[in-house]
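This report describes the fold of a single protein chain, from its strand pairing to its buried interior. The sequence and structure are shown first.

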Amino acid sequence: MKPRHSTDWFVPVHSVGDIAAPQMGRLPDGRRVGIAFTTLANLRIASGPRQEWMRLTEEALRETLAPLGVTRIQLDPVLVGPDLQPAYPTEPALAH
């Protein structure tokens with residue numbers, strides 16, 4: 001699949017030592033979804049100032065999520081946090 005976006009995204013991650021894994025959320029139906037933000041400000045608004053992150057291209061994020069069976073990426077979700085379920089707009093920003 002050809003990437004739709006040419007700029008890097010800000011991807012929230014969980015890290016243990018030198019290893020970082022993208023944070024995922026769940027859709028209301030229970031399916032896992034990748035999470036990415038178009039700006040660092042959007043990530044901070046949704047996740048808070050202490051959320052770890054990395055910059056990834058759409059292609060790199062999709063390649064990272066594919067072995068986990070995750071094919072959908074939610075771009076700029078409204079609310080993300082370790083104790084919170086992501087809140088999603090009615091229509092996803094990106095769907096595959």
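In the hairpin formed by β3 and β4, 5 residues lie between the strands, and Gly30 takes a positive phi near 100°. The model is a predicted one. The two strands of this hairpin, β3 and β4 (residues 32-36), pair in the antiparallel sense over 3 bridges, and Gly25 stands opposite Val33 in β4.

The hairpin belongs to an open sheet of 3 strands, ordered β3-β4-β6, with mixed pairing. β3 (24-26) and β6 (73-75) occupy the edges with a single partner strand each, so one side of each is left without a neighbour in the sheet. From one strand to the next, the twist averages 45°. On the other flank of the hairpin strand, β4 and β6 run parallel and are joined by 3 bridges; here Ala36 stands opposite Leu75 in β6. β4 is mostly covered, as 4 of its 5 residues are buried.

The two pairings of β4 are set out below.

| Pair | Sense | Bridges | Facing residues |
|---|---|---|---|
| β3 and β4 | antiparallel | 3 bridges | Gly25 and Val33 |
| β4 and β6 | parallel | 3 bridges | Ala36 and Leu75 |

Which residues does Val70 touch beyond those up to four places away in sequence? Val70 lies in the loop between α2 (58-65) and β6. Its contacts, with that sequence limit, are Met24, Arg32, Val33, Gly34 and Leu65. Val33 is 37 residues away from Val70 along the chain, yet their C-alpha atoms are separated by 6.0 Å. The relative accessible area of Val70 is 4%, under the 20% limit, so Val70 counts as buried.

Val70 is also part of the largest nonpolar core, which has 9 residues: Trp9, Val11, Ala36, Leu56, Leu61, Leu65, Val70, Ile73 and Leu75. Two or more residues of this core come from each of β1 (9-16), α2 and β6. A second, separate core has 5 residues, including Phe10, Ile35, Phe37 and Ala46. Val11, a member of the largest core, touches Pro22, Ile35, Ala36, Leu43, Glu52, Trp53, Met54, Leu56 and Leu61, leaving aside residues up to four places away in sequence. Among these contacts of Val11 are Ala36, Leu56 and Leu61, which belong to the largest core as well, and Ile35, which belongs to the second.

Helix α1 (residues 40-47) has Leu43, Ala46 and Ser47 buried. Viewed down the axis of α1, the buried residues fall within an arc of 80°, so they line one face of the helix. Of these, Leu43 is among the residues touched by Val11, while Ala46 is part of the second core. Just after α1, Gly48 takes a positive phi of about 95°.

Turning to the chain as a whole, it contains 2 helices and 8 strands. Read from the N terminus, its elements run β-β-β-β-α-β-α-β-β-β. Of its 96 residues, 36% count as buried. The accessible surface comes to about 5,900 Å², and carbon and sulfur atoms account for 55% of that surface. Among the contacts in the chain with a separation of 6 or more, 67% are between residues 24 or more positions apart.

How values were computed: Residues numbered from 1 in each chain as written. Predicted model: local features only at pLDDT ≥ 70, side-chain atom pairs only at ≥ 80, totals over all residues. Heavy atoms only, no water. Buried < 20%, exposed > 50% of the residue type's maximum accessible area, 1.4 Å probe, protein only. Arc of directions from axis to C-beta. Contact = heavy atoms within 4.5 Å. Areas by Shrake-Rupley, 256 points an atom, 1.4 Å probe, with all protein chains shown as cover. Pairing = 2+ DSSP bridges. Axes fitted to C-alpha atoms, helices over the stretch in contact; angles between N-to-C directions. Core = buried A, V, L, I, M, F, W, Y, C linked by side-chain atoms within 4.5 Å.
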